[in-house]
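Thank you all for coming; I would like to walk through one structure this morning, beginning with its aromatic side chains and then moving on to helices, loops and a few single residues. Please keep the picture in view as I talk.

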Amino acid sequence: MVSSASEEAGIGKSLEGVSKGQQMENGTPLTSPPYWDSDDDGGPKPVELYGKYTWKIDKFSQINKRELRSNVFEVGGYKWYILIYPQGCDVSSHLSLFLCVANHDNLLPGWSHLAQFTISVVNKDPKKSKYSDTLHHFWKKEHDWGWKKFMDLSKVVDGFLDSDTLIIKAQVQVIMERADRPFHCLDFQYRRELVRVYLTDVEKICHHFVAERRGKLGKFIGDKARWSSFCAFWLGIDQNSRRRMSREKSDQILKMVVKNFFIEKEVTSTLVMDSLYSGLKALVGQSNGQTGKGKHLDAVEQTVPIVSMENDMFVLVDDVLILLERAVLEPFPPKDEKGPQNHTNEDTSGEDTNRDSIQRDERLLTELGRQTIEIFVFAHIFSKIEVAYEEAVALKKLEELSTEEAV
C-alpha cells in the first residue's frame, strides 16, 4: 500500500493579479461586501487559521490494516492528521474517519483547540462526493473527533475509487473564540462553502429568536390597559431619566449575545457568529454614518435603525414608545429561496450571476446579524425599563393601600 499527500495551509498567501483584501471564487476575484473580512480586532485572521489537506490512498482495495494515518499537516499553528478505519471503528461495513491532534501527548497541560472542519471522500462526479462537517473543542480527553459511520463501505466502489485510489480531503478552520463580543470565525472561501449548505439553518435560528422577542413585545403592547398604564408611567418621567434608561453598556450586552448564540457542538454556530460579527459592524457603521461600497444596494443601508452605538454604549435612537411598535413590525429580510445545497458549487449560470449570488447571501447574513443584535439590545434595554415600570406600579399600589388604611 502506498499513500501520498498534499496540503494547502491557510497562511494568507497573496495571489498575482489579486489586490489585498480581495477573495477568490473558482479563480475569479470577488468584491467582498462592506462589512465582511475587515478584521480590526487584532490577532490572527480566519484566513491565517484555515487550511486544506489532501490524502491519496493508493491500492485501497488491498488494505488489510485496521487503521491508517495520514502525514502530519499544520493549520492555524497546530499539527493534525487524518485517521481512517477502512473496515470501520467499532462498527462493521462502514468507513470511519477522524481528525486528530498530532502531538497531543507533548502539549502543555490545559491545552485546547477549537476547530470547525469538513472531511470529504472524493467521487469521480464531484456532485456525489461525500462531505461531513462538525465543530469540536479538542483537548486532552477528546484529541480526536469524527465519524464512525462516515459512509457505507458498499458505496466506496460507486465512483469513489479512481484506479483503486481513494482521495480524502480535509478543511480545517481553527477558531479564536471570544466571550466579550461576536467574533469572526471563518475564512471567506470556507464560509462560502458552508453558506451553501447551512444558510437556511442560520435564517431559522435568527428568525426564531427575533420572532420570540417580538412576540413578547407585541403581547405587552396588545394588553391595552397595561400599555396605557406604561405610557402614562413613561411620559411622567423626566427627560434625563428617560435618556439614562434608554442606554446600556455595550460590553454587557455583547457578552450575552455570544453566550446565547455560540454553542460549541452546533456546526452552524460559526456562521451565526460571523453573521452577528458582520451585523454588529453594520450597526456601528450606521451609527458612524458610514455607507457600504459596491454596485449592490445594501439592505442594511435601507433600514432605519432602532439602536445605535455611542462610544461604549448602546442607545435607543428614539423614544421607547415609538420604537416598541417599530421593533414589533419591522419586516424580516427576504428569505433564501434556494434552500440547502451541496458543498460543491453547482451554479453554472456564469461568473456575474455567481458573484451576485455570493454578494446577496453575504449581505443577507449581515442583515440577519444586524437585526438579531438590534432586537437583542432593544429587548434587553426595554426589560430594564419594564422592571422600573413594575416597581412604580407596585409602589403606587402600596401608597394607595396606605392611604386607605389611614382613612
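Phe220, Trp227, Phe230, Phe233, Trp234, Phe378, Phe382 and Tyr389 are joined by ring pairs into a cluster, where rings of Phe, Tyr and Trp (its six-membered ring) count as a pair if their centres lie within 6.5 Å, and where planes under 30 degrees apart are called stacked, over 60 edge-to-face, and the rest tilted. Before going further, I should say that this is a predicted model, in which local features need pLDDT of at least 70 and side-chain atom pairs count only at pLDDT 80 or more, while totals for chains, interfaces and linings use all residues. Residues are numbered from 1 along each chain as its sequence is written, and side-chain values use heavy atoms, with hydrogens and water left out.

How many aromatic pairs does the rule give? The count comes to 21 aromatic pairs. In one of them, the ring centres of Phe209 and Phe261 are 5.1 Å apart with the planes at 70°, and so this pair is edge-to-face. It ties together distant parts of the chain, since Phe209 belongs to helix H1 (residues 188-222) and Phe261 to helix H4 (residues 250-261), 52 residues apart; helices here are DSSP runs of H or I with at least four residues, strands are runs of E with at least two, and both are numbered from the N terminus. Phe209 and Phe261 are both buried, a word I use for under 20% relative accessible area, with exposed meaning over 50% and partly exposed in between (1.4 Å probe, protein chains only).

Returning to the cluster, Phe220 and Phe382 form an edge-to-face aromatic pair, with 5.2 Å from centre to centre and 85° between the planes. This pair also links distant parts of the chain, Phe220 lying in helix H1 and Phe382 in helix H8 (residues 351-406), 162 residues apart, and both of these residues are buried.

Two rings have a lysine over them, by the criterion that NZ of Lys or CZ of Arg is within 6 Å of the ring centre and within 35 degrees of the ring normal. The charged end of Lys265 sits over the ring of Trp145, 4.3 Å from its centre, and Lys130 lies over the face of Phe150, at 5.8 Å from the ring centre.

Now to the helices. What does H1 span between its end C-alpha atoms? The span is only 44 Å, whereas a straight helix of 35 residues would cover 51 Å at 1.5 Å a residue, the expected span being 1.5 Å times one less than the number of residues. H1 bends by about 70° at Tyr198, the bend being the angle between axes fitted to the seven residues ending there and the seven starting there. At its N-terminal end, H1 is capped by Asp187, whose side-chain oxygen lies 3.0 Å from the backbone nitrogen of Gln189.

Helix H5 (residues 269-287), with 19 residues, reaches 27 Å from its first C-alpha to its last, close to the 27 Å expected. Of those 19 residues, 17 are buried, so H5 is largely enclosed by the rest of the structure. Just after H5, Gly289 takes a positive phi of about 75°.

Turning to the loops, most residues other than glycine have a negative phi. Asp90, which is not a glycine, nevertheless has a positive phi of about 65°; this residue is in the loop between strand E7 (78-85) and strand E8 (94-101), and at 60% relative accessibility it counts as exposed. Ser93, in the loop between E7 and E8, likewise has a positive phi of about 65°, and at 43% relative accessibility Ser93 counts as partly exposed.

Gly43, in the loop between strand E3 (28-30) and strand E4 (50-57), is exposed, with a relative accessible area of 59%. Gly43 and Met176 are 133 residues apart in sequence and 8.7 Å apart in space, C-alpha to C-alpha.

Finally, some single residues. Tyr85 lies in strand E7 and is buried, with a relative accessible area of 8%. Cys100 is buried, with a relative accessible area of 1%, and Cys206 is buried, also with 1%; the structure holds zero disulfides, a disulfide being a pair of cysteine sulfur atoms within 2.5 Å.

How values were computed
Polar contact = N/O pair within 3.5 Å; in protein donor to acceptor, adjacent residues only side chain to side chain.
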